[in-house]
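Here are some questions and answers to go with the structure below. Have it open as you read.

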Amino acid sequence: MSGIIAPSVLSADFGNLQRDCEMINRSEAGWFHIDIMDGVFVPNISFGFPVMSVLKKHAQKTLDVHLMIVDPDRYIQRFAESGAEVLTVHYEACTHLHRTLGEIRKQGMRAGVALNPHTPVHLLNDIAADCDLVLIMSVNPGFGGQKFIENTYRKVSEAKELLLKHNSKALIEVDGGVALNNTAKLVAAGADVLVAGNTVFASANPEATITELNKLASV
Ligand code: DX5
Ligand code: ZN
């Protein structure tokens, strides 16, 4: 089994966004991970539709959009139009999660649910059949470059078990603090997609680091 590496654009150089997109295109990464933060759900503001349109223009791989915003229903259609192929909302931000996921699918995207570090996996029991991806946050959302929370391995295994029980083919994505020293262990626990921001972009050779992560994710 082999994990998909999804470099997080949040850690890219926004003065050279086209260059960084082209690096990801050339690399062994599978997806682009795109973090949208509203300054309300999380204590940080990232970027919005003007940057999405640059990514749509230059990125040649799956656009995996992670919404860290309140009331995401308002923007589902705009993200579909912006080229999002996977759209993930936070469990903690959705009052009517079933409806939200249905709407995302109706707009032709894969629907993801993200869980904060404190949110238990078993809460997915009644929604597992309705999502295409489960994103396990391995840091508190809002910033790149934070320390990986060790409890994540257990949550990934638990999510894997829960999805199997429901006969779901949903992918498990891990986001935050993914590095060379935890990638193989996360894939072994059941992770399918590994987001990496700081590990890729703070390295001397981001493209080579993606190759290394990809190798570690292939078991
Ligand atoms: C955090 C974001 C992450 C972030 C990961 O809120 O959801 O996607 O970019 O960055 P690293 O890999 O640096 O922890
Ligand atoms: Zn993210």
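A quick term before we start: two strands count as paired if DSSP finds at least two bridges between them. Keep in mind too that this is a predicted model.

Q: With that rule in hand, over how many bridges do strand E5 and strand E6 pair?
A: E5 covers residues 110-115 and E6 covers residues 133-137. One bridge partnership is that of glycine 112 with leucine 133 in E6. The two strands run in the parallel sense, and the number of bridges is 4.

Q: Which strands sit at the edges of the open sheet?
A: The sheet has 8 strands with parallel pairing, in the order E1-E8-E7-E6-E5-E4-E3-E2. Neighbouring strands are turned by 25 degrees against each other on average, direction ignored. An edge strand pairs on one side only, and that picks out E1 (4-7) and E2 (31-37).

Q: In E3, which residue is the bridge partner of isoleucine 36?
A: E2 and E3 pair in the parallel sense over 7 bridges. Isoleucine 34 has valine 65 as its bridge partner in E3. For isoleucine 36, the partner in E3 is leucine 67.

Q: What is the handedness of the β-α-β crossover from E2 to E3?
A: After E2, the chain goes through helix H2 (residues 49-58) and then into E3. E3, H3 and E4 also make a β-α-β unit, and that one is right-handed. The E2 to E3 crossover is right-handed.

Q: How many residues of strand E3 are buried?
A: In a regular strand the side chains alternate between the two faces of the sheet. In E3, Thr62, Asp64, His66 and Met68 are buried on one side, with Leu63, Val65 and Leu67 buried on the other. E3 is therefore largely enclosed by the rest of the structure, and its buried count is 7 of the 7 residues.

Q: Which residue in E4 stands opposite aspartate 64?
A: E3 and E4 run parallel and are joined by 3 bridges. Opposite aspartate 64 stands valine 86.

Q: Which helix gives the most to the largest nonpolar core?
A: This core has 62 residues, and Ile34, Ile36, Val65, Phe79, Leu87, Leu101 and Leu186 have the most contacts inside it. A second, separate core of 11 residues includes Ala6, Trp31, Val86 and Leu133. Back in the largest core, the top helix gives 5 residues, and it is H5 (residues 152-165).

Q: Within what arc do the buried residues of helix H8 fall?
A: The buried residues of H8 (residues 206-216) are Pro206, Thr209, Ile210, Leu213 and Asn214. They pack against E1, helix H1 (17-26), helix H6 (183-189), strand E8 (193-196) and helix H7 (198-201). They line one face of the helix, because seen down the axis of H8 they fall within an arc of 140 degrees.

Q: Is serine 82 buried or exposed?
A: Serine 82 lies in the loop between helix H3 (76-81) and strand E4 (86-90). Leaving aside neighbours within four places in sequence, serine 82 is in contact with Phe49, Met52, Lys56 and Leu63. The cut-off for buried is under 20% relative accessible area. Serine 82 has 11% relative accessibility, so it counts as buried.

Note on methods:
Residues are numbered from 1 along each chain as its sequence is written. Chains are lettered from A and ligands numbered from 1 in the order in which they are written. This is a predicted model: local features need pLDDT of at least 70, side-chain atom pairs count only at pLDDT 80 or more; totals for chains, interfaces and linings use all residues. Side-chain values use heavy atoms; hydrogens and water are left out. Axes are lines fitted to C-alpha atoms, for helices over the stretch in contact, and angles run from 0 to 180 degrees between N-to-C directions. A nonpolar core is a set of buried Ala, Val, Leu, Ile, Met, Phe, Trp, Tyr and Cys residues joined through side-chain atoms within 4.5 Å. Buried means under 20% relative accessible area, exposed over 50%, partly exposed in between (1.4 Å probe, protein chains only). The arc is that of the directions from the helix axis to the C-beta atoms. Contact means heavy atoms within 4.5 Å. A crossover is right-handed if, with the strands pointing away from the viewer, the path from the first strand over the helix to the second runs clockwise.
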